[in-house]
Protein chains: 2
Amino acid sequence: MTTREDEAGRNRRAELLGIAAGLFAEKGFKNTTVRDIADASGIQSGSLYHHFDSKESMVDEILSTFQEELFGSYDQILDSVDDARTKLERAVQVSFEAIDRHRHEVAIFQNEADYLGAFERFAYLAERNAQSRAVWITLLDDGVRSGALRADLDIELTYRFIRDTVWVAVKWYRPGGTLTHEHVADQYLHILLDGISHG
Amino acid sequence: MTTREDEAGRNRRAELLGIAAGLFAEKGFKNTTVRDIADASGIQSGSLYHHFDSKESMVDEILSTFQEELFGSYDQILDSVDDARTKLERAVQVSFEAIDRHRHEVAIFQNEADYLGAFERFAYLAERNAQSRAVWITLLDDGVRSGALRADLDIELTYRFIRDTVWVAVKWYRPGGTLTHEHVADQYLHILLDGISHG
DNA sequence: GTCTATACCGTGATAGAC
DNA sequence: GTCTATCACGGTATAGAC
């Protein structure tokens, strides 16, 4: 049974987490105070602790929820019957889509994973990193084996370049701006697959 | 006249700045305390203030010194008589070389420019950013005009991808590791210019 | 050039009234 | 569910002895 109060509580919780995510992304986790979050939410700092144990719990919930969704998308691509090149393209497109829909979460993960990863509570961040590497390496290996990609590729370096260039776009991409995430993904894939030199 | 004391002072100053740069790069500027810097230097926190006005002065000196050198290198490339493609290659190589020789400084600029840029004292960071954009846009424009690069390039997006991929490498590149900065630059230029797809 | 001592403030978190 | 009041801690920076 779901009462009206339960739902209101969940909505409020999500609302507060959204406000916190925006601040964590903009100013950094440690650099954002619980008073900042409370001010932006129109309540007092003490009231936040009615909803959450601690500031850590807030960022924990933000990151784990997001990653569950993202890796679900990657798994769908890996499990599909598409050819290697299409899968690689899909993975890039899904990543830019994540930047579009969850830019705060992406930014937090990019900026704070190193710092947070030092606490046992956030050990899963390192696991997710390894999981992400596995996805891209698989896609690149399949691409080379199927002949879609150059045989002389340095897979490890190529992985790093793709990963870095995709996620760092969160620093400048703004949803609702002149560039759509589809356009950015297309242009990026054009550069990545075909290069920028003439002929 | 340069006395022995002056020189010892400069050495000590440079030594302390180097230690601070490592901590700022690793933990972030705000997240690094003056006590952290003092501990790592084997002195008391109060003693730091004999050498520097404030924590801000330290990061200021670290960043401005580094950028003066980096943009000197870019200017040399722009002023050279090389063709467009060679200039672009040289700019990429010089950037990876900067990551190799000054990774702390690069990391600090990458991670803290947004935060520090909000203070008037660090307004020059935004100017340096604009200057950097001007360098890359010039190189790309010349490349397209001379026929070295594809005529259908989205110059602005290409600039962002190059900038991002080059500088984000500071997150994983380690001097003295198995990869040299020359090797990384070569591989990156190969991907950038020729793409990763087969044929 | 480094030390000790300390002023002063912002921080995360708690307790209990409403 | 929010408020006020409060606490213990750690932060930057200063003063003055050695």
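A residue is taken as near a DNA strand if one of its heavy atoms lies within 4 Å of that strand. The model described here is predicted. On this criterion, three helices each supply at least two residues of the surface near DNA strand C: α2 (34-41) of chain A, and α1 (4-27) and α3 of chain B. The largest share, three residues, comes from α3(B).

In total, 15 residues surround DNA strand C. Thr33(A), Val34(A), Tyr49(A), Gln44(B) and Ser47(B) come nearest. By class, this surface has three nonpolar, nine polar and three charged residues. Polar contacts to the strand involve both chains. From chain A, a backbone N or O atom of Val34(A) lies 2.9 Å from a phosphate oxygen of DNA strand C. The side chain of Arg35(A) reaches a base instead: one of its N or O atoms is 3.1 Å from a base nitrogen of DNA strand C. From chain B, a side-chain N or O atom of Ser47(B) is 3.3 Å from a phosphate oxygen of DNA strand C.

DNA strand D is surrounded by 14 residues. The closest are Gln44(A), Ser47(A), Val34(B), Arg35(B) and Tyr49(B). Sugar and phosphate make up 65% of the atoms of DNA strand D that come within 4 Å of the protein. In chain B, α2 (34-41) and α3 (45-51) each supply at least two residues of the surface near DNA strand D. Three nonpolar, eight polar and three charged residues form this surface. Phosphate oxygens of DNA strand D are approached from both chains. Polar side-chain atoms of Ser47(A) and His50(A) lie 3.3 Å and 3.0 Å from a phosphate oxygen, respectively. A backbone N or O atom of Val34(B) lies 2.9 Å from a phosphate oxygen of DNA strand D.

The two protein chains were then compared. Chain A superposes on chain B after a rotation of 180° with 0.0 Å of shift along the axis, at an RMSD of 0.0 Å. The relation is therefore that of a two-fold axis. Within chain A, Gly195(A) has the C-alpha nearest the axis, 1.9 Å from it. Both copies use the same surface, and 100% of the contact residues of chain A recur in chain B.

Ser95(A) was examined separately. This residue lies in helix α5 (residues 84-101) of chain A. Ser95(A) counts as buried because its relative accessibility is 0%. Its side chain makes a polar contact of 2.8 Å with that of Tyr74(A). Beyond neighbours within four places in sequence, Ser95(A) is in contact with Tyr74(A), Trp136(A), Val166(A) and Trp167(A).

Definitions and conventions. Residues are numbered from 1 along each chain as its sequence is written. Chains are lettered from A and ligands numbered from 1 in the order in which they are written. This is a predicted model: local features need pLDDT of at least 70, side-chain atom pairs count only at pLDDT 80 or more; totals for chains, interfaces and linings use all residues. Side-chain values use heavy atoms; hydrogens and water are left out. Copies are superposed by least squares on the C-alpha atoms of residues with pLDDT of at least 70 in both. Contact means heavy atoms within 4.5 Å. A polar contact is a pair of N or O atoms within 3.5 Å; within protein, one must be able to donate a hydrogen and the other to accept it, and residues adjacent in sequence count only if both atoms are side-chain atoms. Helices (H or I, at least four residues) and strands (E, at least two) are DSSP runs, numbered from the N terminus. Ala, Val, Leu, Ile, Met, Phe, Trp, Tyr, Cys and Pro count as nonpolar, Asp, Glu, Lys and Arg as charged, and the others, Gly among them, as polar. Buried means under 20% relative accessible area, exposed over 50%, partly exposed in between (1.4 Å probe, protein chains only).
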